[in-house]
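This report describes a sheet and the enclosed spaces of one protein. Please keep the sequence and the structure in view while reading.

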Amino acid sequence: MATTPVLRLLSLLFLLLPLPLREYLSASQHRRNDANAGVLHPIVLVPGLSCSDYEARLTKAYQPSVPHCGTMKGKGWFGLWENTSDLVAHDYVRCFQEQFSLVYDPAINDYRNFPGVETRVPNFGSARGFRYKAPLHPEYCLSALRGALEKMSYRDGDTLFGAPYDIRHAPPLPTQSSEVYSVYFKQFMQLVEHASKKNHHKKVILFGHSFGGHVALEFVWSTPLDWRKKYIKHLILVAPTTAGFVEPVKNLVSGTDMIYVPTATPMSLRSMWRTFETATVNFPSPTVFGHEPLVITKQRNYSAYDMEDLLTAIGFGDGIEPFRKRALPKMHYFQDPMVPVTCINGVGNKTPLQLIYWESDFEKPPELVYGDGDGTVNLISMLDFDQKMYQRSGKKKQFKSIKLDGARHGNIITDEWALKRVMQEIIEANRISS
């Protein structure tokens, strides 16, 4: 917000006051902030897919496709996806794509790193431990929200925490293995317990945006019920990717710009993106989208029931087995989180509903047919999640659904009017007794 002439004048007048008086007034303000902090419940932020930083370490087992990609071999941990301008400056984009890729292991039905590559997500626990990689949008990745929370007297490491995750992997079903998430969920539980203990054993608010909402919900599902009741105050989901939608199909077929790399195009990053489990985990659910055509070509149409055929048609037959064994079962799994939940979605925006590749040329961007939603997630997916929550929560006071007309998927936590509404719900979650 721009500084008004009146505020500038007040700032100047404040500087003219005697030093003891200035110190007294400043101390009074800090006391008020401390008082506010005393009534706040700690909050853990779970950001969207484009936010986590990555470090890598290349072991002796790493065999680079070109010699240049082995320059960091044996030199310890280095930033793989942090300062993305370095990827271009050091001619490392091709190496990044190789070292950031995953490999599906059918023997264990799980994903692992490219052979010889170790990765980690740094700064777990800090609300400042993740950021959007494109410099033109510093407000993304919950930065604007974090600033608003800090104005409420939230403080990083005290009442405000962050839980960045490996964006390539998806939370597993209880019957599925996931080496990455078995570690991450354990860290998440420890973080929640630490946040509660640090704040006089207050319950903790969990806040997830976009895929971070998906992760936060799955985390709650993974915890024992007694633990949830002891530690979780409220679960706030903003634009969560919880019921599948059409956009991921477009991203898989034609590439995505969610992995920001200067000079790279969605198509140039497509082969890497297809190795991620997250590339297919949010595919449209057949029970939600039915037999309506989602991908249209001259030869045939593909509904949510035909995604395996589509994978074959686009030349990604290697994706069929992991899709069938890991992604598809998740579309039919849902349970009551058994904690208070608020879900906030944007509506009233043109949102991809059908993709037209008329000549079956999947190397070109599709023509789009739009429906309603937040510009990314379809309205039908939001309503399906609402219906499931109302059916399973029993008491409707345990679930609250809010639709913001005109709020878009990413801007719902950056546009001032929408962010203000989100903040109202965080304030409300602090007030509600539990």
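Which residue of β12 does V238 stand opposite? The model examined here is a predicted one, and in this model V238 stands opposite I344 in β12.

**The sheet**

Strand β9 covers residues 232-238 and strand β12 covers residues 341-347; the two run parallel and are joined by four bridges. Both strands belong to an open sheet of six strands, in which the order is β7-β1-β8-β9-β12-β15 and the pairing is parallel. At the edges of this sheet are β7 (160-162) and β15 (399-405), each of which pairs on one side only. From one strand to the next, the twist averages 20 degrees.

A helix also packs on the sheet: α7, formed by residues 211-222, touches β1 (43-46), β8 (204-209) and β9. The direction of α7 makes about 140 degrees with that of β8.

**The cavities**

Where is empty space left inside a protein? Rolling a probe the size of a water molecule over the atoms shows where such space remains. In this model, the count comes to two cavities of 30 Å³ or more. The table sets out the volume of each cavity and the kinds of residue in its lining.

| Cavity | Volume | Nonpolar lining residues | Polar lining residues | Charged lining residues |
|---|---|---|---|---|
| Largest | about 260 Å³ | 11 residues | five residues | four residues |
| Second largest | about 50 Å³ | six residues | four residues | no residues |

The lining of the largest cavity consists of 20 residues, and those nearest the centre of this cavity are T242, A243, K330, M331 and Y333. Helices α7 and α15 (379-393) each supply at least two residues of this lining. Which element gives the largest share of the lining of the largest cavity? That element is α7, with four residues. Helix α7 is thus described twice in this report: as a helix that packs on the sheet, and as a contributor to the lining of the largest cavity.

The second largest cavity is lined by P240, T241, T242, A243, C343, N345, V377, S381, M382 and F385. Two or more residues of this lining come from each of β12 and α15, and the largest share, three residues, comes from α15. Strand β12 therefore links the two topics, by the strand definition used here: β12 is a member of the six-stranded sheet, and β12 also gives residues to the lining of the second largest cavity.

Definitions and conventions:
Residues are numbered from 1 along each chain as its sequence is written. This is a predicted model: local features need pLDDT of at least 70, side-chain atom pairs count only at pLDDT 80 or more; totals for chains, interfaces and linings use all residues. Side-chain values use heavy atoms; hydrogens and water are left out. Two strands pair if DSSP finds at least two bridges between them. Axes are lines fitted to C-alpha atoms, for helices over the stretch in contact, and angles run from 0 to 180 degrees between N-to-C directions. Contact means heavy atoms within 4.5 Å. On a 1 Å grid over the protein atoms alone, a cavity is a set of points where a 1.4 Å probe fits but cannot get out, and a pocket is an open set with protein on both sides within 12 Å along at least five of seven lines; lining residues have an atom within 4 Å of a point. Grid points are joined across faces, edges and corners, and a volume is the space filled by probe spheres set on the points. Ala, Val, Leu, Ile, Met, Phe, Trp, Tyr, Cys and Pro count as nonpolar, Asp, Glu, Lys and Arg as charged, and the others, Gly among them, as polar.
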